[in-house]
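Subject: Structure handover

Hi there,

As promised, I am passing the structure on to you. Have a look at it first, and then read on for my notes.

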Amino acid sequence: MNDETDSRLHYRSDLVQNMTSLLNIWHSPRFQRDIVTERHRSLSTLEVRLVWTLGSLGPSRPSELSAALDVTATSLSKAIAKLDAAGIVTREPSPHDRRSHTLHLSAEGRRAAQELYDVGDAMVTEIFADWNERDVLQLSALIARFVAESDAYARRIHREDPA
């Protein structure tokens, strides 16, 4: 099949194509559901992402979490209510604004978040089982460099959302 009759579009860069494929795998709701331990199967994909993000960012306001997760306030509010009822998150009033609150992981939430991090560590350990240590360290260093450069690029192109 020649390029003119192939209806699929492709990146010219194999690197971009491979990274996009990896992101598609890792962000797939099915993949995220499949790697979550049996203990957390009752949590939705958003709830898992919320627990993971609170573990990563620390205590956060709902508006910060909505932006970080790129979800609507309504969707986030429902997820927070479920996690609060399950004792996974707690809400603490903001000392600066009585209408606002900060979300924290409870002790149970911290255990749940750590389990999610452990699942990720186990996944990567399994994926790299046949790799030599030097290759893993080199890949890790290159990815860290790529992340730093990507973050700098994202900051350069960022435009504030119109009010």
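Below I go through the overall fold and then a handful of residues.

Please keep in mind that this is a predicted model, so every value here is computed from its coordinates.

**The overall picture**

The protein has seven helices and two strands. Along the sequence, the elements come in the order α-α-α-α-α-β-β-α-α. The radius of gyration is 19 Å, whereas a compact globule of 163 residues would be expected near 15 Å. Along the principal axes, the C-alpha atoms take up a box of roughly 60 × 45 × 30 Å.

Of the 163 residues, 23% are buried. The protein exposes about 12,600 Å², and 54% of that area is supplied by carbon and sulfur atoms. Among contacts with a sequence separation of 6 or more, 45% are between residues 24 or more positions apart. As for charges, there are 20 positive and 24 negative ones, and their mean positions are 6 Å apart.

**Around strand β2**

Three residues are worth opening in your viewer here: S60, H104 and S106.

S60 is in the loop between α3 (45-57) and α4. Its relative accessible area is 4%, so S60 counts as buried, the cut-off being under 20%. How far apart are S60 and L103 in sequence and in space? They are 43 residues apart in sequence, yet their C-alpha atoms are 5.4 Å apart. Leaving out residues up to four places away in sequence, S60 touches L54, L65, T102 and L103. A polar atom of the S60 side chain also lies 2.8 Å from the backbone oxygen of G58.

H104 is part of strand β2. The side chain of H104 makes a polar contact with the side chain of E92, at 3.4 Å. E92 is also on the list of residues in contact with H104 once neighbours within four places in sequence are set aside, together with P59, I88, V89 and T90.

S106 sits in the loop between β2 (101-105) and α6 (107-127). Is S106 buried or exposed? With a relative accessible area of 13%, S106 falls under the 20% cut-off and is therefore buried. The S106 side chain reaches the backbone nitrogen of G109 at 3.0 Å. Setting aside neighbours within four places in sequence, S106 is in contact with G87, I88, V89 and T90. I88, V89 and T90 are in contact with H104 and with S106, which makes that stretch a handy one to display alongside the two residues.

**Two residues elsewhere**

D70 lies in the loop between α4 (62-69) and α5 (73-85). Although D70 is not a glycine, it has a positive phi of about 55°. D70 has a relative accessible area of 71%, and because this is over 50% it counts as exposed.

I25 belongs to helix α1 (residues 14-27). Its relative accessibility is 47%, so I25 is classed as partly exposed, between the 20% and 50% cut-offs. I25 and R8 are 17 residues apart in sequence, and their C-alpha atoms are 19 Å apart in space.

If you only have a few minutes, I would start with S60, which is buried, and then turn to D70, which is exposed.

Best wishes

Methods
Residues numbered from 1 in each chain as written. Predicted model: local features only at pLDDT ≥ 70, side-chain atom pairs only at ≥ 80, totals over all residues. Heavy atoms only, no water. Helix = DSSP H or I, 4+ residues; strand = E, 2+ residues; numbered from the N terminus. Rg over C-alpha atoms; globule rule 2.2 N^0.38 Å. Buried < 20%, exposed > 50% of the residue type's maximum accessible area, 1.4 Å probe, protein only. Contact = heavy atoms within 4.5 Å. Areas by Shrake-Rupley, 256 points an atom, 1.4 Å probe, with all protein chains shown as cover. Lys, Arg positive; Asp, Glu negative; His and termini not counted. Charge placed at Lys NZ, Arg CZ, Asp CG, Glu CD. Polar contact = N/O pair within 3.5 Å; in protein donor to acceptor, adjacent residues only side chain to side chain.
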